[in-house]
Amino acid sequence: MLRPEELGEGERERWRALRAASAAERNPFMEPEFTEAVGRVRPRTRVAVVYEGRDPVGFLPHERGRFGQGHALAYGVSDAQGAVLGPGLGLNPDELLRACSLSSFAFDNLEAEQELFVPHAAAEYASYVIDVEKGYETYESVLRAQSPKFLKTTLAKERRLGRQVGDLRFVFDEREPAALRTLMAWKSAQYRRTGRRDRFAQDWITRLVSLLAARTRGQECSGTLSVLYAGGQPVAAHFGLRSTSVLACWFPAYDPEFAKYSPGLVLHLRMAEAAAAEGIGLLDLGRGAAEYKDSLKTGQVPVYEGAWTRPGAGAALHWLSCEPSRRAHHFVRSRPRLAATAARVLKGAGRLRRS
């Protein structure tokens, strides 16, 4: 059991090699650089290292809470979770989690390839993706075929934004700290406006994003801030992580003053174009239904929510603290009319909160 900063370079290289050999996409959330960044802001972060002889053959990044209740790394925030294991280890969850002294291990964005934990999932969700493996022009042709009105309208709004507000400029990898602060302010306002929990009101998330933006520049995990400017001012921005093959879309937001131009959609099109030019083949928009994802997506992949538990008091505590609310959320999300009503109630609560 190690803290992330205690991993040696040999262990980090082995971790990267195991991810490279995996059938899963090279999602940057699953790289050692992300674990190290989380460890700097979440002191209970640990990495279980599995050895065969002197050789590391597996890693499980996680956070250990009270009474041995464990969570996947950056639970509730990370969009890809699980263990990094070599093939044919023959481990089972009881064996691994007992060695970690965990009574439970909860996850909410478990990768589909995580054979060790998928059997313990309670629900499956779609994570929407944009495939630009064959280039941006091919992606546009897919959009024209599946949603011609959407693409035509969005491109027209982009041109109108340039005419009426000022010349457009897109920066795929912006390093200006003020732009990140602007994005976080927009995103906080969006959370409050829609009645949802403001993630940036949690200090550790703000510090994590700032740290990833300023210091994380690994080949397979690099903090990436993308900004769309009009007339010299930012109108939309996104912060996420990228590897050589995946752009993990994380925190997008825009200035509501320019909402009629759909700057968030324009931003995503430019991100897709820039990612394709960089050789990135996939943009992962993350779990959760949203109108903009429906418009932009080319497909979807499954992710899982649930928990492995060991019999005992810790498992009972996990069930009492998590399972009732998870089941309630799943009940609502699986019924479109009820989900739409819930969204309206949340927005109403957001308006009351601001008044």
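This short talk covers the nonpolar core, the aromatic pairs, and the empty spaces of a predicted model.

I begin with the core. In soluble globular proteins, nonpolar side chains tend to be buried together. In this model, the largest nonpolar core comprises 43 residues. Within that core, the residues with the most contacts are Phe-34, Leu-208, Val-209, Phe-239 and Trp-250. Several elements each supply at least two of its residues: helix 1 (9-21), helix 2 (32-41), helix 6 and helix 7 on the helical side, and strand 1 (45-52), strand 8 (222-230), strand 9 (233-242) and strand 10 among the strands. The most is given by helix 7, which provides seven residues.

I turn now to the aromatic side chains. The structure contains twelve aromatic pairs. One of them joins Phe-200 and Phe-251, with ring centres 4.9 Å apart and planes at 55 degrees, so this pair is classed as tilted. Which parts of the chain does the pair tie together? Phe-200 sits in the loop between helix 6 (177-193) and helix 7 (203-215), while Phe-251 belongs to strand 10 (residues 246-254), so the contact connects parts 51 residues apart in sequence. Both partners lie under the 20% limit for burial: Phe-200 is buried at a relative accessible area of 10%, and Phe-251 is buried at 1%.

This pair also belongs to a wider arrangement. Ring pairs link Phe-29, Phe-34, Phe-200, Phe-239, Trp-250 and Phe-251 into a cluster. Phe-34, Phe-239 and Trp-250 were named earlier for their contacts inside the core.

Two arginines lie over aromatic faces. Arg-42 is placed over the face of Trp-204, at 4.4 Å from the ring centre. Arg-287 is placed over the face of Tyr-125, with a distance of 3.8 Å to the ring centre.

I close with the empty space. A search of the whole structure returns one cavity of 30 Å³ or more. The largest cavity has a volume of about 40 Å³. Its lining consists of Phe-29, Met-30, Pro-61, Leu-73, Ser-78, Ala-80, Gln-81 and Gly-82. By class, that lining holds five nonpolar residues, three polar and no charged. Phe-29, a member of this lining, also appears in the aromatic cluster.

Among the pockets, I consider the second largest, with a volume of about 470 Å³. Of the 21 residues lining this pocket, Leu-85, Gly-86, Pro-87, Glu-113 and Glu-115 lie nearest its centre. Helix 1 and strand 4 (84-85) are the elements that give two or more residues to the lining, and helix 1 gives the most, with five. The lining divides into eleven nonpolar, five polar and five charged residues.

Note on methods
Residues are numbered from 1 along each chain as its sequence is written. This is a predicted model: local features need pLDDT of at least 70, side-chain atom pairs count only at pLDDT 80 or more; totals for chains, interfaces and linings use all residues. Side-chain values use heavy atoms; hydrogens and water are left out. On a 1 Å grid over the protein atoms alone, a cavity is a set of points where a 1.4 Å probe fits but cannot get out, and a pocket is an open set with protein on both sides within 12 Å along at least five of seven lines; lining residues have an atom within 4 Å of a point. Grid points are joined across faces, edges and corners, and a volume is the space filled by probe spheres set on the points. Ala, Val, Leu, Ile, Met, Phe, Trp, Tyr, Cys and Pro count as nonpolar, Asp, Glu, Lys and Arg as charged, and the others, Gly among them, as polar. Rings of Phe, Tyr and Trp (its six-membered ring) pair if their centres lie within 6.5 Å; planes under 30 degrees apart count as stacked, over 60 as edge-to-face and the rest as tilted. Helices (H or I, at least four residues) and strands (E, at least two) are DSSP runs, numbered from the N terminus. Buried means under 20% relative accessible area, exposed over 50%, partly exposed in between (1.4 Å probe, protein chains only). A charge sits over a ring if NZ of Lys or CZ of Arg is within 6 Å of the ring centre and within 35 degrees of the ring normal. A nonpolar core is a set of buried Ala, Val, Leu, Ile, Met, Phe, Trp, Tyr and Cys residues joined through side-chain atoms within 4.5 Å.
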